[in-house]
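This report describes one protein chain. Look at the sequence and the structure first, then read on.

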Amino acid sequence: MRFEYDKEANALYIYLRGKIPEGGAARTVELAPGVYLDADRAGRILGVEFLDFADFRGFLERNGGRVDIPAHIGELEASKPVPF
């Protein structure tokens, strides 16, 4: 797992399976406003992005200090695909 913070965008990306190759994310799902999961063609979660670093803190506070990320996109309830 690796965390990457973009200071200019004030965004946080958490890589769960190492660096994502170009074209490796086949689907993006909105987990919460400003929080997106990237998945590969098999539905495995590759990473999670917080478009505003403040969203990370709010997400943690709303979820009891935890970030529960499913291993597979199919485990998400009421997931909302985001078109590319």
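The text below goes from the overall fold to the core, the helix, the salt bridges and two single residues.

**Overall fold**

The model is predicted. Its chain contains 1 helix and 6 strands. Following the sequence, these elements come in the pattern β-β-β-β-β-α-β. The chain has 84 residues, and 36% of them count as buried. Among contacts with a separation of 6 or more, 51% are between residues 24 or more positions apart. The chain exposes about 5500 Å², and 51% of this area comes from carbon and sulfur atoms.

**The nonpolar core**

In soluble globular proteins, nonpolar side chains tend to be buried together. Here the largest nonpolar core has 13 residues, and the members that touch the most others are I14, V35, V48 and F50. At least two residues of this core come from each of β2, β3, β4 (35-39), β5 (45-50) and α1.

F50 can serve as an example. Apart from its neighbours within four places in sequence, F50 is in contact with A11, L12, I14, G34, V35, D55, F56 and F59.

**The helix**

Which residues of α1 are buried? They are F56, G58 and F59. The buried residues of α1 pack against β2, β3, β4 and β5.

Both ends of the helix have a feature to look for. At the start of α1, a side-chain oxygen of D52 comes to within 2.9 Å of the backbone nitrogen of A54. Just after α1, G64 has a positive phi of about 65°.

**Salt bridges**

Side chains of opposite charge can pair when their charged atoms come close. How many salt bridges does the model have? The count is 3. The table gives the distance between the closest N and O atoms for each pair.

| Residue | Partner | Closest N and O atoms |
|---|---|---|
| E4 | R2 | 3.0 Å |
| R44 | D40 | 2.7 Å |
| R57 | E61 | 2.9 Å |

The partners can also be described by how much of their surface is accessible. In the pair of E4 and R2, E4 has a relative accessible area of 35%, so E4 is partly exposed. R2 also counts as partly exposed, because its relative accessibility is 37%.

In the pair of R44 and D40, R44 is partly exposed, at 40% relative accessibility. D40, in contrast, is buried, because its relative accessible area is 12%, which is under the 20% limit for a buried residue.

In the third pair, R57 and E61 are both exposed. These two residues belong to helix α1 (residues 53-62) and are 4 residues apart, so about one helical turn separates them.

**Two single residues**

T28 lies in strand β3 (residues 27-32). Is T28 buried or exposed? T28 is buried, because its relative accessible area is 11%. The side chain of T28 makes a polar contact of 2.7 Å with the side chain of D38.

N10 sits in the loop between β1 (2-6) and β2 (11-15). N10 is not a glycine, yet its phi is positive, near 55°. With a relative accessible area of 28%, N10 is partly exposed.

Key: Residues numbered from 1 in each chain as written. Predicted model: local features only at pLDDT ≥ 70, side-chain atom pairs only at ≥ 80, totals over all residues. Heavy atoms only, no water. Buried < 20%, exposed > 50% of the residue type's maximum accessible area, 1.4 Å probe, protein only. Polar contact = N/O pair within 3.5 Å; in protein donor to acceptor, adjacent residues only side chain to side chain. Salt bridge = Lys/Arg side-chain N within 4 Å of Asp/Glu carboxyl O. Core = buried A, V, L, I, M, F, W, Y, C linked by side-chain atoms within 4.5 Å. Contact = heavy atoms within 4.5 Å. Areas by Shrake-Rupley, 256 points an atom, 1.4 Å probe, with all protein chains shown as cover.
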